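User: Could you zoom in on one part of this model for me and then follow the thread from there? I'm new to reading structures, so please spell out the terms.

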Amino acid sequence: MKKFAYIDATSVDTVPSLLGRRFGQAQVLAGGTDLVGELKEYIATPDRVVNLKSIPGLDYIRQEDDGLKIGPLTTLADIETSTLINDQYSVLQQAVSAIASPQIRNVGTIAGNICQRPRCWYYRSEDFDCLKNGGDTCYSVRGVNRYHAIIGGGPCYIVHPSDSAVALMSLNASVKIQGPRGPREEMLDDFFVLPELNIMRENGLRANEFVTEIIVPASKPNTKGIYVKVRERDAIDFAMASVAVTMTMSGNTCSEATVVLGGVAPVPWRVPDVEQFLQGKQITEDVASAAAEMALREADPMSDNSYKIEMTQNIVSQAILDLA
Ligand SMILES: Cc1cc2nc3c(=O)[nH]c(=O)nc-3n(C[C@H](O)[C@H](O)[C@H](O)COP(=O)(O)OP(=O)(O)OC[C@H]3O[C@@H](n4cnc5c(N)ncnc54)[C@H](O)[C@@H]3O)c2cc1C
C-alpha cells in the first residue's frame with residue numbers, strides 16, 4: 001500500500017476541495033470493502049483518502065413526496081432489511097440481498113456499491129498494464145474472457161459489477177452529486193459511461209465530485225419488480241448475468257416496463273426496445289421469449305463467453321413471466 005494522507009471529512013460541502021481536480025490524487029472512502037483492496041494491491045494509489053463516514057447524517061432511507069431518498073452511506077444490510085424498500089421497491093431489496101455476503105453487506109454502502117471499480121482480473125492485477133491501468137492493451141481480447149462483456153464492450157471489455165445499480169436503473173433512479181459549485185442531479189441512465197467514452201472511469205463523476213444521495217421516483221400502482229441473478233457460487237459471487245425487470249400490469253397486459261441487464265456489459269445495460277415491445281402486450285410465453293431474444297440482439301461475444309447469451313435470454317424470459 002502506498003502511503004497516503006487520511007482525512008476525516010466533516011461536511012458534504014468541504015469534500016470537493018479535499019478531493020481536488022486531478023483523478024487519482026484523492027479518493028473517497030465509504031465502507032472500504034472495495035477501496036481498501038485496491039489500495040493494498042496498488043491498483044489505487046491516491047495521495048489522500050477522504051473518509052465520508054465522519055460526516056454525520058449520510059445514512060438514511062426515507063419516503064418523501066417526490067420519491068424514495070437513500071443516503072450514500074446507507075449500508076446494503078439496512079436496505080435489505082428496510083420494510084419500506086421491501087414493500088414498495090422490492091426489486092432493489094432482491095438485488096441487494098444477492099450482493100456478496102452478510103458481512104460485506106453490513107459494511108458496504110449503497111453509493112460505494114454503484115461506484116465500485118470493475119472486477120476484471122487483468123485490471124485487478126499489478127502484473128497487467130491493461131487499458132484501465134494506463135496501458136495500451138485489453139488482455140481479455142486474446143486472453144481469458146469467460147466473465148467479460150458481450151454487449152457494449154471495446155476497447156475494454158469489463159462488466160459492471162454492481163447488482164444494486166441494475167435494480168436502481170430499472171426503477172428510473174437518479175443520483176445527487178456534490179461538486180465545487182454545489183449539487184447536481186443525474187439519471188443513472190446517464191451516470192454510467194462506456195469505455196469507448198472514458199476508458200479510465202465507469203461513471204461521469206468528475207475528480208472533485210461525489211454521490212450524496214440516491215433518488216428513486218415513487219412507485220406506481222400495480223407495479224412489480226424482480227431481480228434475477230446467475231452466479232457460479234450461490235454463497236458469494238458477482239453476476240455472470242443478471243436482469244432487473246419492472247412491469248406495471250393491468251390484468252395480464254403490461255402497460256409499462258423497464259428491463260436492465262447486468263453482468264454482460266461495461267454499464268448496467270438498459271434495453272429500451274424491449275421495454276417498448278412489452279408495452280400493451282398480453283404476457284405469454286411467446287412474448288417473453290421474443291423479448292428475451294430482442295434483449296440480446298446486440299450481443300457480440302468473445303471466444304469464451306457466448307454462453308452468456310442463452311443464459312441471459314433465459315433469465316429475461318423467466319423474469320417477465322414471473323411478473324405476469
Ligand atoms: C468478496 C466480495 C464479493 C462481492 N460481491 C458482490 C456482488 O455480488 N455484487 C455486488 O454488487 N458487489 C459485490 N461486491 C462489492 C461490494 O458490494 C462493494 O465492495 C461495496 O458495496 C462497496 O461499498 P463500500 O461502502 O465498501 O465502498 P468503498 O470500498 O468505500 O468504495 C468503493 C468505491 O466507490 C467510491 N465511493 C464510495 N462512496 C462514494 C460516494 N459517495 N461517491 C462517489 N464515490 C464513492 C470509492 O472511492 C471507491 O472507488 C463484493 C465485494 C467483495 C469484497
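Analyst:
**A valine in a loop, and the packing beyond**

Val 193 sits in the loop that links helix 9 (188-191) to strand 8 (210-216); helices here are DSSP H or I runs of at least four residues, strands E runs of at least two, numbered from the N terminus. This is a predicted model, so local features need pLDDT of at least 70 and side-chain atom pairs pLDDT 80 or more, while totals for chains, interfaces and linings use all residues. Numbering starts from 1 along each chain as its sequence is written, and side-chain values use heavy atoms, without hydrogens or water.

Is Val 193 buried or exposed? With a relative accessible area of 18%, Val 193 is buried (under 20%; exposed is over 50%, partly exposed in between, 1.4 Å probe, protein chains only). Skipping neighbours within four places in sequence, its contacts (heavy atoms within 4.5 Å) are Asn 198, Arg 201, Glu 202, Asn 203, Gly 204 and Val 267. Val 175, 18 residues away in sequence, is 14 Å off, C-alpha to C-alpha.

Now for the wider packing. The largest nonpolar core (buried Ala, Val, Leu, Ile, Met, Phe, Trp, Tyr and Cys joined through side-chain atoms within 4.5 Å) holds 72 residues, and Met 247 and Leu 278 have the most contacts inside it. Beyond its neighbours within four places in sequence, Leu 278 touches residues including Met 247, Val 287, Ala 291 and Ile 320. Ala 291 turns up again on helix 11 (residues 285-295), where it joins Glu 285, Ala 288 and others in meeting helix 12. Helix 12 brings Gln 313, Val 316, Ser 317, Ile 320 and Leu 321 to that contact.

Notes. Axes are lines fitted to C-alpha atoms, for helices over the stretch in contact, and angles run from 0 to 180 degrees between N-to-C directions.
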